[in-house]
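Let's take a look around a protein model together. Keep the sequence and the 3D view open as you read.

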Amino acid sequence: MNTLVLWDIDRTLVDAGGLGVDWYRTALRAAAGLDMVREPDFAGRTERAITLELLALHELEATEELIARLHAELIDAARREHGLLTERGRALPGALEVVRALARRDDVVQTLVTGNLVEIARFKLAPFGLDEHLDFDIGGYGRLSEHRPELVLEAVRLASAKHGREFRAVVVGDTPHDVRAALHHDAVAVGVATGRSSAEELREAGAHVVLADLSDTDAVLAAVLP
């Protein structure tokens, strides 16, 4: 069976060096005229979930209009400043090599299941060449829902519709949120301990395989492929 690899972005493929939080500060000021005085929890969560918490923390009503305006300002901030990623951020060890190795296989399709908006996803990956082998059109993105399992379902649905076949889905991410989203849909969960969650926390969440990082290409391929 063909394999669909669903990559998380932040602290799995790249470390954005805190730029994502800065973009939220800029977006909140532009959309609502407020400075960010309290930060939401960002790790492993979708853009919609983060936005809802951010607005609640600042006592703002989460209307669809305000959410859309904040997301538009977030995209605009990222568009202006994504060039800073090569200065403040980095591709994580082995990420590019693994993506390239999987791209050489005819039985693998790669896309994203990420809390980021699709526009932000492109901005974060492009500076490191990580966008070249991923199909952005069939990913699951953070605008869709505050619930991460829905992003996995959407990506699998889009991939199956585009390619006309079923896939063995594999989610690769650095948080228990990624692991639980995979398990919710009976996908293979590969945890990578390059974020704030430890290897033990990823195992406790139910990850089928836990890797220290992506630097050993052969080990990653063994974890991802049947």
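## A pocket, two cores and a helix

Sort the residues lining the largest pocket by class and you get 12 nonpolar, 9 polar and 12 charged ones. Keep in mind that this is a predicted model.

How much space lies in that largest pocket? About 560 Å³. Its lining is made up of 33 residues, and Asp10, Arg11, Phe42, Ala43 and Lys124 are the ones that lie nearest its centre. The elements giving two or more residues to this lining are β2 (14-15), α1 (19-32), α2 (47-57) and α6 (118-125). The biggest giver is α1, with 5 residues.

Ala43 turns up again when you look at Thr175, since Ala43 is on the list of its contacts, along with Gly44, Ser197 and Leu202 (neighbours within four places in sequence are left aside). Where is Thr175? Look in the loop between β5 (168-173) and α8 (176-184). Is Thr175 buried or exposed? Its relative accessible area is 4%, so Thr175 is buried.

Now for the nonpolar cores. In soluble globular proteins, nonpolar side chains tend to be buried together. Here are the two cores side by side:

| Core | Number of residues | Some members |
|---|---|---|
| Largest nonpolar core | 54 residues | Trp7, Leu13, Leu102, Leu112, Leu125 and Leu130, which touch the most other members |
| Second, separate core | 21 residues | Including Val152, Val179, Ala181 and Ala207 |

In the largest nonpolar core, helix α3 (residues 64-81) supplies the largest share, 7 residues. Zoom in on Leu13 to get a feel for the packing: leaving out residues up to four places away in sequence, Leu13 touches Trp7, Asp8, Ala91, Leu92, Ala95, Val99, Leu125, Leu130 and Leu214.

Last stop, helix α10 (residues 217-224). Which of its residues are buried? They are Val220, Leu221, Ala223 and Val224. Look down the axis of α10 and these buried residues fall within an arc of 160°, so they line one face of the helix. Asp218 and Ala222, on the other side of α10, are exposed. And what covers the buried residues of α10? The cover includes the strands β1 (3-7), β5, β6 (188-192) and β7 (209-211), plus the helix α5 (95-103). You have met β5 already: the loop holding Thr175 lies between β5 and α8.

Notes
Residues numbered from 1 in each chain as written. Predicted model: local features only at pLDDT ≥ 70, side-chain atom pairs only at ≥ 80, totals over all residues. Heavy atoms only, no water. Helix = DSSP H or I, 4+ residues; strand = E, 2+ residues; numbered from the N terminus. Buried < 20%, exposed > 50% of the residue type's maximum accessible area, 1.4 Å probe, protein only. Contact = heavy atoms within 4.5 Å. 1 Å grid on protein atoms, 1.4 Å probe; cavity = no way out; pocket = protein on both sides within 12 Å on 5 of 7 lines; lining within 4 Å. Points joined across faces, edges and corners; volume = space filled by probe spheres on them. Nonpolar A, V, L, I, M, F, W, Y, C, P; charged D, E, K, R; others polar. Arc of directions from axis to C-beta. Core = buried A, V, L, I, M, F, W, Y, C linked by side-chain atoms within 4.5 Å.
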